Amino acid sequence: GVVGASTYLPLADTYTAPPDPKVPILVCHGDQDAVVDIDFASASHAKLVDLGLDADFRVFRGMGHSARADEFDVISDFLQARVGELRGATADTMASSS
């Protein structure tokens, strides 16, 4: 999976086709970010969805252009789920090739 935190897609208008639409994406952003406005992050998420990507958008109330424990918890859960999916796929592949 891919994680984007406190960021946006500055060239979103140039994206036309996803390289792999199955790759899950997590976009995290604070609603008090004074460096990257949340509207940019929201528009970037919408672009990813429009391209057919599996993108989740999480807004953290009261968070600025920084990180905090609850955001790390969400990111950790997201990444652990992806690792679990990969392990399952690897085990399935190994079992079917036996």
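## Close-up views of a predicted model

The structure holds four salt bridges. This is a predicted model, and the legends below walk through it view by view, beginning with those charged pairs.

**View 1. R61 and D31 form a salt bridge between two loops.** The closest N and O atoms of R61 and D31 are 3.5 Å apart. R61 sits in the loop between β3 (55–60) and α2 (69–97), while D31 sits in the loop between β2 (25–30) and α1, so this pair ties together parts that are 30 residues apart in sequence. How exposed are the two partners? R61 counts as exposed, at 60% relative accessibility, whereas D31 counts as partly exposed, at 23%. As a general reminder, side chains of opposite charge can pair when their charged atoms come close.

**View 2. D70 and R68 meet through their side chains.** Here the salt bridge has an N to O distance of 2.7 Å. D70 is partly exposed, with a relative accessibility of 33%. R68 is partly exposed too, with a relative accessible area of 28%.

**View 3. R82 and E85 form a salt bridge within helix α2.** Their closest N and O atoms are 3.0 Å apart. Both residues belong to helix α2 and lie three residues apart, about one turn of the helix. Which of these partners is buried, and which is partly exposed? R82 is buried, because its relative accessible area of 16% falls under the 20% cut-off. E85, at 46% relative accessibility, counts as partly exposed.

**View 4. Three strands line up in an open parallel sheet.** The strand order is β1-β2-β3, and the pairing is parallel. At the edges are β1 (2–5) and β3, each of which pairs on one side only. Neighbouring strands of this sheet are turned against each other by 15 degrees on average, direction ignored. Between β1 and β2, the parallel pairing runs over four bridges. To find one residue pair in this view, start at G4, whose bridge partner in β2 is V27. Helix α1 packs on the sheet, where it touches β2 and β3, and its direction makes about 165 degrees with that of β3. For orientation, the protein chain reads β-β-α-β-α along its sequence, for a total of two helices and three strands.

**View 5. The largest nonpolar core brings nine residues together.** Its members are I25, V27, I38, A41, L48, L51, L53, A55 and F57. Which elements give two or more residues to this core? They are β2, α1 and β3. Helix α1 gives the most, with three residues. Apart from this core lies another one, of seven residues, including C28, F60, V74 and F78. In soluble globular proteins, nonpolar side chains tend to be buried together.

**View 6. A41 and S44 show what surrounds two neighbouring sites.** Leaving aside neighbours within four places in sequence, A41 is in contact with T7, Y8, H29 and F57. A41 is also one of the nine residues of the largest nonpolar core, as is its contact partner F57. S44 has its place in helix α1 (residues 38–50). Is S44 buried or exposed? S44 is buried, with a relative accessible area of 6%. With neighbours within four places in sequence again set aside, S44 touches Y8 and L9. Y8 therefore appears in the contact lists of both A41 and S44, which is buried at 6%.

**View 7. S6 has a positive phi without being a glycine.** The phi of S6 is about 50 degrees. S6 lies in the loop between β1 and β2. At 10% relative accessibility, S6 counts as buried.

**View 8. The whole protein chain puts the close-ups in context.** Of the 98 residues in the protein chain, 30% are buried. What share of the contacts between residues at least 6 apart in sequence join residues at least 24 apart? In the protein chain, that share is 66%. The accessible surface of the protein chain comes to about 6200 Å², and 56% of this surface belongs to carbon and sulfur atoms.

Technical notes: Residues numbered from 1 in each chain as written. Predicted model: local features only at pLDDT ≥ 70, side-chain atom pairs only at ≥ 80, totals over all residues. Heavy atoms only, no water. Buried < 20%, exposed > 50% of the residue type's maximum accessible area, 1.4 Å probe, protein only. Contact = heavy atoms within 4.5 Å. Areas by Shrake-Rupley, 256 points an atom, 1.4 Å probe, with all protein chains shown as cover. Pairing = 2+ DSSP bridges. Axes fitted to C-alpha atoms, helices over the stretch in contact; angles between N-to-C directions. Core = buried A, V, L, I, M, F, W, Y, C linked by side-chain atoms within 4.5 Å.
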